[in-house]
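Open the model in your viewer and keep the selection tool at hand. The tour goes from one selection to the next and says what is found at each stop.

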Amino acid sequence: MKKILLVLGLAFTSLGYSQQEIKLDLGDALVIRSLEFSYENYISEDSSFGISALFNLAKQDVSFRYNENVMITPYYRHYFTADEKWNFFGEGFVGINSGKIESIEDSGVYDVKYTDGALGIAVGTKYVANGGLVIDLYGGLGRNLFGTDSPVLVPRLGLNVGWRF
């Protein structure tokens, strides 16, 4: 019973401020052939939490692509300005990522699959139109913490377009 009350309480408090956004990263879709969807929920006027899911559609042998094939990124944002149209923010994120990286050994070249968790920060700006259109631009960097076969750094870049409801 306590667990049910806890889950219901968290659900009601997270929906209490009632500003939520869904977004698609157009920058990644157009430049490197990947899809990133985001959901963001505001805790107050100046802070929010969200989650992003990145799916890399580019082939492994393409010269310019993310190493990550899939990345799930929960994040927390703090907004530094109270302006209704433009807001600057800082973000802390945890990126759970998996992919393949090319490795060279005595026997030749082979692909090594990895799964790792990264911790990082990003900064950005967000435009909010009166009708609900949202555009945000951000950039940051994370560091993988656990694997020896995974890349050391994980980029977090985006040009998102979405809707606030």
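Start by selecting D111, which counts as partly exposed because its relative accessibility is 41%, a value between the 20% and 50% cut-offs. The model is a predicted one. D111 is part of strand β6, which covers residues 108-128. Now add K100, I101 and E102 to the selection: D111 touches these three, when residues up to four places away in sequence are not counted. Draw a distance between the C-alpha atoms of D111 and I101; it should read 5.6 Å, although ten residues along the chain lie between these positions as a separation.

**The whole chain**

Clear the selection and colour by secondary structure. Two helices and eight strands appear in the protein. Followed from the N terminus, the order is α-β-α-β-β-β-β-β-β-β. The chain has 165 residues, and 39% of them are buried. Among the contacts with a separation of 6 or more, 52% join residues 24 or more positions apart. Switch on the surface: the protein exposes about 9800 Å², of which carbon and sulfur atoms supply 68%.

**The loop before β2**

Next, select R33. This residue sits in the loop between α2 (26-31) and β2 (34-44). Look at its backbone: R33 is not a glycine, yet its phi is positive, at about 55°.

**The nonpolar core**

Which residues make up the largest nonpolar core? Select I32, L54, Y66, M71, A118 and V154; these six residues are the whole of that core. Stay on Y66 and show its surroundings. Apart from neighbours within four places in sequence, Y66 is in contact with D28, I32, S34, L54, N56, P155 and L157.

**The cavity**

How many cavities of 30 Å³ or more does the structure hold? There is one. The largest cavity contains about 90 Å³ of space. To see its lining, select D28, E36, L54, Y66, E68, M71, T73, P155, R156 and L157. Y66, L54 and M71 have come up before, as members of the largest nonpolar core. Two strands to highlight here are β4 (68-79) and β8 (153-164), each of which supplies at least two residues of the lining. Coloured by class, the cavity lining shows five nonpolar, one polar and four charged residues.

**The pocket**

Move on to the largest pocket, which has a volume of about 220 Å³. It is lined by 13 residues, and those closest to its centre are E45, A82, D83, E84 and N87. By class, the lining of this pocket divides into five nonpolar, three polar and five charged residues.

**Last stop: E84**

From the pocket lining, keep E84 selected. This residue belongs to the loop between β4 and β5 (86-105). Is E84 buried or exposed? With a relative accessibility of 61%, E84 counts as exposed, since the cut-off for that class is over 50%. Finally, select V128 as well and draw a distance between the two C-alpha atoms: E84 and V128 are 44 residues apart along the chain, and their C-alpha atoms are separated by 6.8 Å.

Technical notes
Residues numbered from 1 in each chain as written. Predicted model: local features only at pLDDT ≥ 70, side-chain atom pairs only at ≥ 80, totals over all residues. Heavy atoms only, no water. Helix = DSSP H or I, 4+ residues; strand = E, 2+ residues; numbered from the N terminus. Buried < 20%, exposed > 50% of the residue type's maximum accessible area, 1.4 Å probe, protein only. Contact = heavy atoms within 4.5 Å. Areas by Shrake-Rupley, 256 points an atom, 1.4 Å probe, with all protein chains shown as cover. 1 Å grid on protein atoms, 1.4 Å probe; cavity = no way out; pocket = protein on both sides within 12 Å on 5 of 7 lines; lining within 4 Å. Points joined across faces, edges and corners; volume = space filled by probe spheres on them. Nonpolar A, V, L, I, M, F, W, Y, C, P; charged D, E, K, R; others polar. Core = buried A, V, L, I, M, F, W, Y, C linked by side-chain atoms within 4.5 Å.
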